[in-house]
Amino acid sequence: LEKKGITTLEGLSNQTPSLFIQDGGRVSSVAIRGLGSPGLDTVESSVGIYVDEIYFGRSRLSRNPLFDMDRIEVLRGPQGTLYGRNTIAGAISMYTARPTDEFQGRVLAETGNIDSYKYEGYLSGPLADNVSGRVAAMASHRGAYLENSEGPDGGGQDTEAFRASLAWDP
C-alpha cells in the first residue's frame with residue numbers, strides 16, 4: 001500500500017482487478033465483479049467492509065483514510081460462510097497494524113499545492129511486562145480550489161484520524 005501510494009479504498013480499486021469503489025459526493029459505490037449496491041445509501045451494501053473484523057454497514061464508510069495499515073484483503077464472490085450477511089458480492093477486510101514488542105515510531109510529512117499538507121505517524125512498543133501499545137494519527141488538509149464571491153470557497157477538505165490499541169500477552 002505504501003509503495004504504491006494507496007491512501008484510500010478508491011485508490012485501492014485502481015490497483016485491484018474487478019474492484020470498483022467510487023466516491024460520488026453524498027453516496028459512495030462499492031462493487032466487486034459488477035455486483036454491489038451503487039447509489040443506495042439507505043441499504044447495506046452487497047460488499048461487506050470490515051476493519052479488524054468489525055463490520056461497517058454503509059458503503060460511505062469506505063471514505064475513511066487508510067493509515068497505519070497492516071494489510072487489506074479483497075475477497076471476491078459470496079463470503080457468507082466466513083463473514084455472514086451482506087457479503088453476496090464479496091468482502092473487503094482491512095487489518096490495522098498491531099502493537100509491537102520493541103519500540104518503533106515513524107512520522108511522515110507531505111506538502112503540496114493549493115495549501116495542502118498531510119502528517120501521519122505512529123508510536124508502538126512495550127508498556128509493561130506483558131502489555132504493549134500502539135498509537136497512530138493522521139491529519140491532512142487541502143485548501144479550496146473553487147472561489148465563491150457569495151459564500152465559502154469550495155473544494156477544500158480537512159481529515160483527522162486517530163487510533164490506539166493495546167495487546168496483552170498473559
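**Notebook: strands, then the whole chain**

I began with one strand pair: strand 1 and strand 2, the latter spanning residues 28-32, run antiparallel to each other and share 5 bridges. I note here that the model is predicted.

Within this pair I looked up Phe20, and across from Phe20 I found Ala31 of strand 2. I reminded myself that strands in a sheet pair through backbone hydrogen bonds, in a parallel or an antiparallel way.

Next I asked which sheet holds these strands, and in what order. The sheet is open, has 3 strands in the order 1-2-3, and its pairing is antiparallel. Its edges are strand 1 (19-23) and strand 3 (35-36), each with pairing on one side only.

I then went on to the chain. I listed 2 helices and 11 strands. Reading from the N terminus, I wrote the elements down as α-β-β-β-β-β-β-α-β-β-β-β-β.

How far do the C-alpha atoms extend along the principal axes? I noted a box of roughly 55 × 50 × 25 Å.

I looked up burial: of the 170 residues in the chain, 36% are buried. For the surface, I recorded about 10,600 Å² exposed by the chain, with 51% of this area coming from carbon and sulfur atoms.

I also checked contacts between residues at least 6 apart in sequence; 50% of them join residues at least 24 apart.

My last entry is on charge. The chain has 16 positive and 22 negative charges, and the mean positions of the two sets lie 8 Å apart.

Definitions and conventions:
Residues numbered from 1 in each chain as written. Predicted model: local features only at pLDDT ≥ 70, side-chain atom pairs only at ≥ 80, totals over all residues. Heavy atoms only, no water. Helix = DSSP H or I, 4+ residues; strand = E, 2+ residues; numbered from the N terminus. Buried < 20%, exposed > 50% of the residue type's maximum accessible area, 1.4 Å probe, protein only. Contact = heavy atoms within 4.5 Å. Areas by Shrake-Rupley, 256 points an atom, 1.4 Å probe, with all protein chains shown as cover. Lys, Arg positive; Asp, Glu negative; His and termini not counted. Charge placed at Lys NZ, Arg CZ, Asp CG, Glu CD. Pairing = 2+ DSSP bridges.
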